Amino acid sequence: MTGEAGPGIAPGSAGPAAEWVSCSRCQAVVYGKRLARSSGICPQCGHCRPLAAWDRIALLADPGSVEPLDLVADAADPLRFVDDKPYPQRIAEARRATGLTEAVVCCRLRMAGTPAIAAVMDFRFMGGSLSGAVGELITGAAETALAQRLPLLLVTASGGVRMQEGVIGLMQMAKTAQALHQLDEAGLPTVCLVTDPTYGGVAASFAMLGDVVVAEPGARLGFAGPRVIAQTIKQELPAGFQTAEFLLARGFLDLICPRPALRHRIGRLLAVGTRRDALPPAPVEGGASTVVRDPALLPERPAWEAVRRARNIARPTTSDYFSMVLDDFEELHGDRVGGDCPAIVGGVGRLGGTPLVVIGHEKGHTTRELARRNYGMPGPAGYRKAARLLRLAAKWGLPVVTLVDTPGAHPGVDAEEQGQATAIAENLRLMGSLPVPVVTVITGEGCSGGALGIAVADRVLIMENAVYTVISPEGCAAILWRDAAAAPAAAQALRVDARSLLELGVVEGVIPEPPGGAEADHAAAAAALRAAVHAELADLAGLDQSRLVAQRRARFRRFGSSRRPDEAVLIPTEGGSW
């Protein structure tokens, strides 16, 4: 059995053959050809109608780029299963109805110019159920991607494991998960597109194991379906349960993408993730770096003044910098554990053509934004989201840039219950062994372990009017002076300003801000940051992984040590714990 198109089935436009179709969500009656022209999206309510596999491929692939894979998977009836009809008879009926040989179609294609291997499920074929043949075809597609060093796209639509094959179908969950892990080990990108519906054994295996998990609006995904939950434990389900929007808010999806934009956005992700020979970053527009590395060139000023300026909510936020500094930024969400902390933003983008992973604290500007972003104070889900993106960078071989602007990690009962300390500690260890260049810029407040949790970098820079400290001056004053009003004196004693930090060797350089500060000219501040980051990445690009990690460890090893910098321990290691 193969996953090729059957007789009469070929790539074509999306949509049903019927002249008039009733939308399953809003019940509107829609002209079939109009539905086809809108890629199967109801023009009344926006519902994404399920697509046949070849219609889906036609939607995703660049025109003329599709080549079916010559994969073989034998049909089997391991249990000799019979309910009201023999299993082989059901297979034959499904083939006649769909023109497919199984519930998945595998092909080689290009998406927005990027070549990839794709396995696309078709719900019409026995509910897209996961059989031995389906598992074999999906595994074969993954092995083809591995052999040809291409990224893999998986499009899911399934009710779960095919019951007629019993435990043999169940084993396909482990088999396909292993196939994806081989791609992880090889550093090859995997993207999963979740379509409606995706349930059971498919949801609990390869559908959620992609480096990036994308969903169509309204797509439902879960292990146990609503009807099963309602019938077994009689639990009342919340509104929107198991929809893509529900799952995105809980950190299980990276993004929801409208159907017409899927080809471009997934193709862009695959292009960013495709490994390439290490090359120094291409020159960027905006002038040379003006980073100051000699403290004597910076004016002395009261540290409290720097604190007040660093907290100015008119300064550019991390999202502002990403939008001004990067090309093709795609925000990725979620920690895949149960949360999507809004105080940490991150994703992939390009800096002067160089793909990279970016992560940063986010505060916002207005009262409403500040409240929604928790004033830039991440919870454990934020640090776990950052960790997930750091591992993605390690797998895809991308440099990392982090922007720090936080009054600290969120100090709350819920954060403690969810393991705040553990999440930060894990990040410190992870970043210490990350086999790719890491550059951090303190753009506003860098306070406590909440800042360091994304700042274990090869190079740490600071904006001229930013600060970096172990504790807020007010907190230090309250503890040691027993008077919060002594915060200015505490700030001075803590040496939180950029000049002092450069003298202490905590930062490698200071990025000058435009007249009036970054808050007065966002564009000029972003241009200075962009040039500085680009220069640091270019300088780090020539280092191999082991030396990169050894130097980063040595950088932090010397703090508090009496050894001279040239005596720092440089012990190359094989691999890391990322």
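## Salt bridges, a helix and some backbone exceptions

R311, K363, D405, E445 and E474 are linked in a network of salt bridges (a salt bridge is a side-chain nitrogen of Lys or Arg within 4 Å of a carboxyl oxygen of Asp or Glu). The structure you are looking at is a predicted model, in which local features need pLDDT of at least 70, side-chain atom pairs count only at pLDDT 80 or more, and totals for chains, interfaces and linings use all residues. Residues are numbered from 1 along each chain as its sequence is written, and side-chain values use heavy atoms, with hydrogens and water left out.

### Salt bridges between distant parts of the chain

The structure holds 36 salt bridges. Three of them are set out here, with the distance between the closest N and O atoms where that is how the value is given.

| Pair | N to O distance | Separation in sequence |
|---|---|---|
| R388 and D254 | 2.3 Å | 134 residues |
| R265 and E330 | 2.6 Å | 65 residues |
| D405 and K363 | 3.2 Å | 42 residues |

Let's take the pairs in turn. R388 forms a salt bridge with D254, and this pair links distant parts of the chain: R388 is in helix α13, while D254 is in the loop between α8 (244-249) and β10 (255-256). Helices (H or I, at least four residues) and strands (E, at least two) are DSSP runs, numbered from the N terminus. R388 counts as buried at 13% relative accessibility, and D254 is buried too, with a relative accessible area of 0%. Here buried means under 20% relative accessible area, exposed means over 50%, and partly exposed is in between (1.4 Å probe, protein chains only).

The side chains of R265 and E330 also meet in a salt bridge. That pair joins helix α9 (residues 262-273), which holds R265, to strand β11 (residues 327-331), which holds E330. R265 is partly exposed, with a relative accessible area of 21%, whereas E330 counts as buried at 6% relative accessibility.

D405 and K363 bring us back to the network in the opening sentence, as both belong to it. Their salt bridge ties strand β14 (residues 400-406), where D405 sits, to the loop between β13 (354-361) and α12 (367-372), where K363 sits. Both D405 and K363 are buried.

### Helix α5 and its two sides

Helix α5 (residues 166-186) has 21 residues and reaches 32 Å from its first C-alpha to its last, close to the 30 Å expected at 1.5 Å a residue; the expected span is 1.5 Å times one less than the number of residues. Which residues of α5 are buried? They are G169, Q172, M173, T176, A179, L180, L183 and A186. These residues lie on the same side of α5 because they cover an arc of only 160° around the axis, the arc being that of the directions from the helix axis to the C-beta atoms.

The cover over the buried residues of α5 includes α4 (132-148), β6 (152-158), β7 (190-199), α6 (200-203) and α13 (380-396). On the face of α5 turned away from its buried side are the exposed residues Q178 and E185. L170 is also found in helix α5 and counts as partly exposed, at 41% relative accessibility. Together with V167, I168 and M171, L170 makes a nonpolar surface patch of about 340 Å². Just after α5, G187 takes a positive phi of about 75°.

### R499 and its contacts

R499 lies in helix α19 (residues 498-504) and counts as buried at 16% relative accessibility. Leaving aside residues up to four places away in sequence, R499 touches P295, A296, L298, P299 and E300, where contact means heavy atoms within 4.5 Å.

### Backbone exceptions

Most residues other than glycine have a negative phi, and most peptide bonds are trans. Where is Y375, whose phi is near 55°, found along the chain? Y375 lies in the loop between α12 and α13, and at 42% relative accessibility Y375 counts as partly exposed. R482 likewise is not a glycine and has a positive phi of about 55°. R482 is found in the loop between α17 (473-481) and α18 (487-494), and counts as exposed at 74% relative accessibility.

Finally, a cis peptide bond joins D196 and P197, with omega about -10°. P197 lies in strand β7, and β7 is among the elements that cover the buried residues of α5.

Methods: Patches are made of residues with over 30% relative accessible area and no salt bridge: like charges are joined within 9 Å, nonpolar side chains (Val, Leu, Ile, Met, Phe, Trp, Tyr) within 5 Å. Accessible areas come from the Shrake-Rupley method with a 1.4 Å probe; for residues, only the protein chains shown count as cover.
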